[in-house]
Amino acid sequence: SNFYMWQINIEKGYPLLRPHSWRGGNGACHDNVNLTDIVDIQAGQVYNMRIDVTGNVAKTYIDGKLIDTRENPRGGNYGYGLVGIRADKAEASSTLEAAYYDNFKVTTVNGGQEVELFSEDFSDAGNFKFTKGTVEDGRLYVLGAFMSVYSWQISDKKSSDKYTIEMDMTLIKDNAGIIFSAKNTQNM
């Protein structure tokens with residue numbers, strides 16, 4: 001019910017970052033960022049996406065290039081909660097979104113040392129730490145439906161207001177959505 005989702009969208013022929021947030025189950029898109037002059041995103045190619053969160057600021061990178069810096073559009077910190085993946089149907093058509101994900105890692109720094117909060121490399125197709133999708137060739141494949149498909153992390157929740165989410169993503173059709181800062185039904 002309460003989370004943020006950064007969507008990479010290529011369905012209109014040019015790349016966009018579409019930051020969203022959900023509060024009480026109601027979604028809102030916040031200020032699309034046209035990435036045309038920053039990074040060229042094509043279907044079928046692998047990209048490394050990283051979101052660095054420090055309190056109320058999220059910096060987003062693709063292949064090491066800073067593509068967006070924004071303060072939390074809902075106010076307050078983007079505290080670390082569950083991470084996940086969202087797939088749906090495309091914004092401008094009925095095409096189902098599809099993407100592969102790999103090397104999912106969430107870290108923080110404590111006392112100058114990197115501390116892992118969550119990780120999954122999808123090396124075990126029968127036992128991976130997300131609720132939906134199928135592991136194919138060591139990557140998680142998530143296909144949308146005509147109702148949203150959510151694949152949530154399966155592990156103990158940890159907390160931190162400074163953390164980095166990093167994953168490899170291969171966009172197959174239209175959009176790929178990374179969820180972070182998911183809390184319970186009462187909190188962001």
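Strands here are DSSP runs of E at least two residues long, numbered from the N terminus. By that rule, asparagine 103 is found in strand S9, which covers residues 98-110. Please keep in mind as you read that this is a predicted model. The tour below starts with a nonpolar core of 42 residues, moves on to rings and charges, and ends with strand pairs and some backbone angles.

**The nonpolar cores**

- The largest nonpolar core has 42 residues, and Trp6, Ile51, Tyr101, Phe104, Tyr163, Ile165 and Phe180 are the ones with the most contacts inside it.
- Strand S14, spanning residues 162-173, supplies the largest share of this core, with 5 residues.
- A second core stands separate from it, with 6 residues that include Met5, Leu82, Ile179 and Ala182.
- As general background, nonpolar side chains in soluble globular proteins tend to be buried together.

**Two core residues in close-up**

- Phenylalanine 180 has its place in strand S15, residues 175-182.
- Its relative accessibility is 0%, so phenylalanine 180 counts as buried, the cut-off for that label being under 20%.
- Beyond its neighbours within four places in sequence, phenylalanine 180 is in contact with Phe3, Tyr4, Trp6, Ile51, Val53, Tyr78, Leu82, Val83, Tyr163 and Ile165.
- One of these partners, valine 83, is 97 residues away from phenylalanine 180 in sequence, yet their C-alpha atoms are 4.5 Å apart in space.
- Tyrosine 101 is another residue with many partners to look up: leaving out neighbours within four places in sequence, tyrosine 101 is in contact with Ile85, Phe122, Arg139, Leu140, Val142, Met167, Asp168, Met169, Ala176, Gly177 and Ile178.

**A polar contact in strand S14**

- Threonine 164 is found in strand S14, the strand that gives the largest share of the 42-residue core.
- The side chains of threonine 164 and aspartate 52 are joined by a polar contact of 2.6 Å.
- Not counting residues up to four places away in sequence, threonine 164 touches Arg50, Ile51, Asp52, Lys105, Val106 and Thr107.

**Aromatic pairs and charges over rings**

- The model holds 16 aromatic pairs.
- One of them brings phenylalanine 118 and phenylalanine 130 together edge-to-face, with 5.6 Å from centre to centre and 80° between the planes.
- Phenylalanine 118 belongs to strand S10 (residues 113-120) and phenylalanine 130 to the loop between S10 and strand S11 (134-136), so this pair ties together parts 12 residues apart in sequence.
- Phenylalanine 118 and phenylalanine 130 are buried.
- Both also appear in a cluster linked by ring pairs, made up of Phe104, Phe118, Phe122, Phe128 and Phe130.
- Arginine 50 places its charged end over the ring of tyrosine 61, 4.0 Å from the ring centre.
- Arginine 139 has its charged end over the ring of tyrosine 100, at 3.8 Å from the centre.

**Strand pairs**

- Strands S6 (residues 57-62) and S7 (residues 65-71) run antiparallel and are joined by 6 bridges.
- Within that pair, lysine 59 stands opposite threonine 69 in S7.
- S6 and S7 form a hairpin with 2 residues between them, and aspartate 63 in its turn has a positive phi of about 50°.
- Strand S8 (residues 82-87) pairs with S13 in the antiparallel sense over 4 bridges, and arginine 86 stands opposite tyrosine 150 in S13.
- Strand S13 (residues 149-152) shows two faces: Val149 and Ser151 on the covered one, Tyr150 and Trp152 on the uncovered one.

**Positive phi and an exposed glycine**

- Most residues other than glycine have a negative phi.
- Aspartate 31 has a positive phi, near 45°; this residue lies in the loop between strand S3 (26-29) and strand S4 (33-34).
- With 60% relative accessibility, aspartate 31 counts as exposed, since the cut-off is over 50%.
- Asparagine 103, in strand S9, likewise has a positive phi, near 50°.
- Asparagine 103 counts as partly exposed, at 38% relative accessibility.
- Glycine 126 is found in the loop between S10 and S11, and it is exposed, with a relative accessible area of 71%.
- Glycine 126 and alanine 90 are 36 residues apart in sequence, while the space between their C-alpha atoms is 29 Å.

Definitions and conventions
Residues are numbered from 1 along each chain as its sequence is written. This is a predicted model: local features need pLDDT of at least 70, side-chain atom pairs count only at pLDDT 80 or more; totals for chains, interfaces and linings use all residues. Side-chain values use heavy atoms; hydrogens and water are left out. A nonpolar core is a set of buried Ala, Val, Leu, Ile, Met, Phe, Trp, Tyr and Cys residues joined through side-chain atoms within 4.5 Å. Buried means under 20% relative accessible area, exposed over 50%, partly exposed in between (1.4 Å probe, protein chains only). Contact means heavy atoms within 4.5 Å. A polar contact is a pair of N or O atoms within 3.5 Å; within protein, one must be able to donate a hydrogen and the other to accept it, and residues adjacent in sequence count only if both atoms are side-chain atoms. Rings of Phe, Tyr and Trp (its six-membered ring) pair if their centres lie within 6.5 Å; planes under 30 degrees apart count as stacked, over 60 as edge-to-face and the rest as tilted. A charge sits over a ring if NZ of Lys or CZ of Arg is within 6 Å of the ring centre and within 35 degrees of the ring normal. Two strands pair if DSSP finds at least two bridges between them.
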